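This report is an introduction for a reader who is meeting the structure for the first time. Please have the sequence and the 3D view at hand while reading.

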Amino acid sequence: MIKCLVCDFGGSSLKYALIDEQGNMEHSGKVSAPLDSIAHFVETVESLYKEHRAQIDGIAISIPGYIDPEKGILVDAGAYEELYGQCIPELLKEKCPVPIAVENDGKCAALAEAWKGSLKDCSNGAVIVLGSGIAGGIIKDGKIHSGRGFAAGELSYVISDPTHHDPLGCAYMSAAMHGLTYRVCKAKNLDLSVQDSGSILQWLDTLIRMPYADPKAALKPIKADGVQIFKWLREGDEDVEPVYRNFITALATVVHDVQVCFAPDKIAIGGGLSLENRIFDDLNEELFRFYNGMQLGVTLHANVVKSRYLNECNLIGAMYNYLLRFCNSGISMPEK
């Protein structure tokens with residue numbers, strides 16, 4: 001039985017687990033994202049490897065950015081700027097002397113859903129992962145579609161609001177956790193520095209300069225994570241409600257753009273925010289507002305489904321990517 005240490009590098013944390021060739025998961029956990037240096041990245045993986053090396057055959061990595069999966073190079077994009085241009089297996093091989101497979105996070109999510117998840121019966125499908133950013137993955141004719149420069153599915157950079165010519169115009173600042181947190185902080189006068197990925201939000205603020213609701217008031221050291229934001233929504237918070245409505249409209253825009261550009265059989269939505277069931281009801285309601293207003297026939301309607309693996313889809317897909325690259329035991333993408 002093949003088993004790997006699987007690492008999902010996100011914008012605010014690194015999630016990890018031991019996963020076997022059947023997709024069974026154990027010993028899962030989470031640590032802070034090692035964003036600040038190559039050395040910190042290597043030390044973090046090495047620490048997890050040393051803890052579990054007697055139990056594993058290799059390491060499988062999911063990470064944001066344009067990934068050359070054959071060479072394991074993070075070419076560009078994503079939160080791990082210190083790793084741009086670096087061959088990740090080469091960085092780790094001395095400290096972690098086992099096979100290492102690397103793939104983009106959105107493509108890992110698509111692999112997971114095509115393997116055993118909500119896209120397993122689809123020839124053409126797409127995955128949208130709602131995390132710190134908004135990752136995407138495309139299954140075309142039963143295979144991952146990488147695109148030019150390995151950049152297919154980088155939905156964070158979809159223009160969701162063309163009235164802005166700064167990051168606020170991009171989907172990662174309107175339809176993902178970074179943007180949701182940033183906008184809630186501005187609406188409720190919350191300190192950006194205490195948030196998850198606070199340093200990234202502060203840097204984005206130097207570009208955007210969105211004013212606080214009360215510029216003269218002291219900033220409150222309250223963390224606006226997903227749990228807290230949806231608690232405020234349940235309580236009817238008047239500051240958070242319009243931010244959430246804009247989030248749903250932006251997400252519906254992204255879903256519709258994916259549907260009309262690619263016409264997948266299904267669009268699966270996963271990631272941390274997919275744990276909130278109301279998102280699916282609100283998203284479908286918003287999509288039908290578009291469809292009714294534009295008088296669109298059903299051919300152009302998106303078939304939105306919930307990811308089977310939700311916030312674990314990147315982990316499962318990274319394991320499947322490892323099996324595809326290193327194992328000759330009949331593992332392959334499902335026949336369509």
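Is E286 buried or exposed? The model is a predicted one, and in it E286 has a relative accessibility of 8%, which counts as buried.

**Salt bridges**

Side chains of opposite charge can pair when their charged atoms come close. In this model the count comes to 13 salt bridges, and three of them are set out in the table below.

| Pair | Closest N and O atoms |
|---|---|
| D205 and K186 | 3.0 Å |
| R245 and E286 | 3.7 Å |
| D282 and R278 | 3.0 Å |

The pair that includes E286 is a good place to begin, and its partner is R245, with the closest N and O atoms 3.7 Å apart. R245 belongs to helix 7, which covers residues 240-262, while E286 belongs to helix 8, which covers residues 278-294, so this salt bridge ties together parts that are 41 residues apart in sequence. The two partners can also be described by their accessibility: R245 is partly exposed, with a relative accessible area of 24%, whereas E286, at 8%, is buried. The pair also takes part in a wider arrangement, in which R245, E285, E286 and R289 are linked in a network of salt bridges.

The salt bridge between D205 and K186 has its closest N and O atoms 3.0 Å apart. Here D205 lies in helix 5 and K186 in helix 4, so the pair ties together parts that are 19 residues apart in sequence. D205 counts as buried at 13% relative accessibility, and K186 is buried as well, with a relative accessible area of 4%.

Where do D282 and R278 lie? Both are in helix 8, four residues apart, which is about one turn of the helix, and the closest N and O atoms of their salt bridge are 3.0 Å apart. D282 is buried, with a relative accessible area of 11%, while R278, at 30% relative accessibility, counts as partly exposed.

**A buried strand residue**

L130 is placed in strand 9, which is made up of residues 125-130, and it is buried, with a relative accessible area of 1%. Which residues is L130 in contact with, once its neighbours within four places in sequence are left aside? They are A175, F247, L251, I269, G270, G271, G272 and L273. A separate comparison of sequence and space can be made with M177, since L130 and M177 are 47 residues apart in sequence while their C-alpha atoms are 7.1 Å apart in space.

**Positive phi angles in loops**

Two further residues deserve a look for their backbone angles. F150 has a positive phi of about 60°, although it is not a glycine, and its place is the loop between strand 11, residues 143-144, and helix 4, residues 177-188. With a relative accessible area of 26%, F150 is partly exposed.

S197 likewise is not a glycine, and its phi is positive, at about 55°. S197 is found in the loop between helix 4 and helix 5, the latter covering residues 198-208, and at 11% relative accessibility S197 counts as buried. The same two helices also hold the salt-bridge partners described above, with K186 in helix 4 and D205 in helix 5.

Key:
Residues are numbered from 1 along each chain as its sequence is written. This is a predicted model: local features need pLDDT of at least 70, side-chain atom pairs count only at pLDDT 80 or more; totals for chains, interfaces and linings use all residues. Side-chain values use heavy atoms; hydrogens and water are left out. Buried means under 20% relative accessible area, exposed over 50%, partly exposed in between (1.4 Å probe, protein chains only). Contact means heavy atoms within 4.5 Å. A salt bridge is a side-chain nitrogen of Lys or Arg within 4 Å of a carboxyl oxygen of Asp or Glu.
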